[in-house]
Amino acid sequence: VAKDLPSKIEQIIHCDMTEEQESEYETIKSQYRNELLQVIKEQGLGKSKLTIIQGLTKLRQLANHPKLIDPEYSHGSGKFEEVTERIETAMAEGHKLLVFSQFVKQLELYKTWLEEKNIAFAYLHGQMPQKERAEQVDRFNQREDIKVFIISLKAGGLGLNLVSADYVFLLDPWWNPAVEKQAED
């Protein structure tokens with residue numbers, strides 16, 4: 001099948017955080033830096049790994065959208081604005097696209113945005129029963145009016161046949177590049 005597919009074009013898009021988002025990011029970064037220095041001082045570097053991972057995960061979530069860690073956050077996100085604009089552009093050009101994230105909370109933000117815009121979409125996350133997953137895949141592949149499929153990277157990175165899509169958005173890199181590659185392909 002690979003020889004029948006058009007060549008893949010990859011593009012990494014960097015976007016700036018909003019002012020409010022950057023302020024929130026810097027605040028949390030400082031808090032974790034101070035906490036990490038204290039934990040290393042008290043317990044040593046080897047016992048600080050959990051704090052390091054927690055801090056990095058929280059910063060990754062903040063870079064996506066501060067609402068992932070603070071549901072009361074009322075300002076924008078540079079990435080969210082960039083991605084929603086690109087989704088609208090791709091749809092206007094007639095493309096079908098997959099939107100992957102490892103953070104289900106982030107997928108919920110896009111789900112809400114799509115619902116508010118009255119845009120039909122398919123949705124798949126790891127807690128869905130197998131039958132419902134298959135139904136979502138079929139809906140996306142068979143219905144021309146469904147241009148967007150939002151998918152949990154872990155749940156959707158393997159074994160799905162979504163050849164009707166011609167754009168793939170990976171909103172956040174995952175620790176396992178093989179799963180990302182599978183999702184792209």
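A residue is called buried when its relative accessible area is under 20%, exposed when that area is over 50%, and partly exposed in between. Lys111, with a relative accessible area of 22%, is therefore partly exposed. The legends below describe a predicted model.

**Figure 1. Overview of the predicted model, which has seven helices and four strands.** From the N terminus on, the elements follow the order α-α-α-β-α-β-α-β-α-β-α. The protein has 185 residues, and buried residues make up 38% of them. Among contacts with a separation of 6 or more, 68% are accounted for by residues 24 or more positions apart. The accessible surface of the protein is about 11,600 Å², and carbon and sulfur atoms hold 51% of this area.

**Figure 2. The largest nonpolar core, with 36 residues.** Ile87, Val148, Phe149 and Ile150 are the residues of this core that touch the most other members. Two or more core residues come from each of the helices α3 (78-92), α4 (104-116), α5 and α6 (153-156), and likewise from each of the strands β1 (97-101), β2 (121-124) and β3 (148-152). Val148 illustrates the packing: when residues up to four places away in sequence are not counted, Val148 touches Ile87, Met91, Leu97, Val99, Leu114, Ala120, Phe121, Ala122 and Phe140. A second core, separate from this one, consists of five residues, including Tyr25, Tyr32, Leu59 and Leu62.

**Figure 3. Surroundings of Arg133 in helix α5 (residues 130-142).** Arg133 is buried but has no salt bridge. The nearest side chain of opposite charge belongs to Glu132 and lies 8.5 Å away. A salt bridge requires a side-chain nitrogen of Lys or Arg within 4 Å of a carboxyl oxygen of Asp or Glu, so the separation of 8.5 Å between Arg133 and Glu132 does not qualify. The side chain of Arg133 instead reaches a backbone atom, the oxygen of Met128, at 3.1 Å. With neighbours within four places in sequence left aside, the contacts of Arg133 are Leu124, His125, Gly126, Met128 and Ala155.

**Figure 4. Leu68 in the loop between α2 (49-64) and α3.** The relative accessible area of Leu68 is 3%, so Leu68 counts as buried. Apart from residues up to four places away in sequence, Leu68 touches Gln61, Phe103, Lys105, Gln106 and Leu109. One of these residues, Gln106, is 38 residues from Leu68 along the chain, yet the C-alpha atoms of the two are separated by 6.4 Å.

**Figure 5. Residues of helix α1 (residues 19-43), including the pair Glu26 and Lys29.** Glu26 forms a salt bridge with Lys29, and the closest N and O atoms are 3.1 Å apart. The two residues are three positions apart, about one turn of the helix. Both partners are partly exposed: Glu26 has a relative accessibility of 34%, and Lys29 has a relative accessible area of 31%. Glu22 also lies in helix α1. With a relative accessible area of 42%, Glu22 is partly exposed. Glu22 and Gly78 are 56 residues apart in sequence, and their C-alpha atoms are 9.4 Å apart in space.

**Figure 6. The salt bridge between Lys117 and Glu88.** The closest N and O atoms of this pair are 3.4 Å apart. The salt bridge links distant parts of the chain, with Lys117 in the loop between α4 and β2 and Glu88 in helix α3, 29 residues apart. Lys117 is partly exposed at 43% relative accessibility, and Glu88 is partly exposed at 36%.

**Figure 7. The salt bridge between Glu115 and Lys111 in helix α4.** The closest N and O atoms of Glu115 and Lys111 are 3.7 Å apart. Because the two residues are four positions apart in helix α4, about one helical turn separates them. Glu115 is partly exposed, with a relative accessible area of 41%, and Lys111 is partly exposed as well, at 22%. The structure holds seven salt bridges, among them the pair of Glu115 and Lys111.

Technical notes
Residues are numbered from 1 along each chain as its sequence is written. This is a predicted model: local features need pLDDT of at least 70, side-chain atom pairs count only at pLDDT 80 or more; totals for chains, interfaces and linings use all residues. Side-chain values use heavy atoms; hydrogens and water are left out. Buried means under 20% relative accessible area, exposed over 50%, partly exposed in between (1.4 Å probe, protein chains only). Lys and Arg count as positive and Asp and Glu as negative; His and the chain ends are not counted. A polar contact is a pair of N or O atoms within 3.5 Å; within protein, one must be able to donate a hydrogen and the other to accept it, and residues adjacent in sequence count only if both atoms are side-chain atoms. Contact means heavy atoms within 4.5 Å. A nonpolar core is a set of buried Ala, Val, Leu, Ile, Met, Phe, Trp, Tyr and Cys residues joined through side-chain atoms within 4.5 Å. Accessible areas come from the Shrake-Rupley method with a 1.4 Å probe; for residues, only the protein chains shown count as cover.
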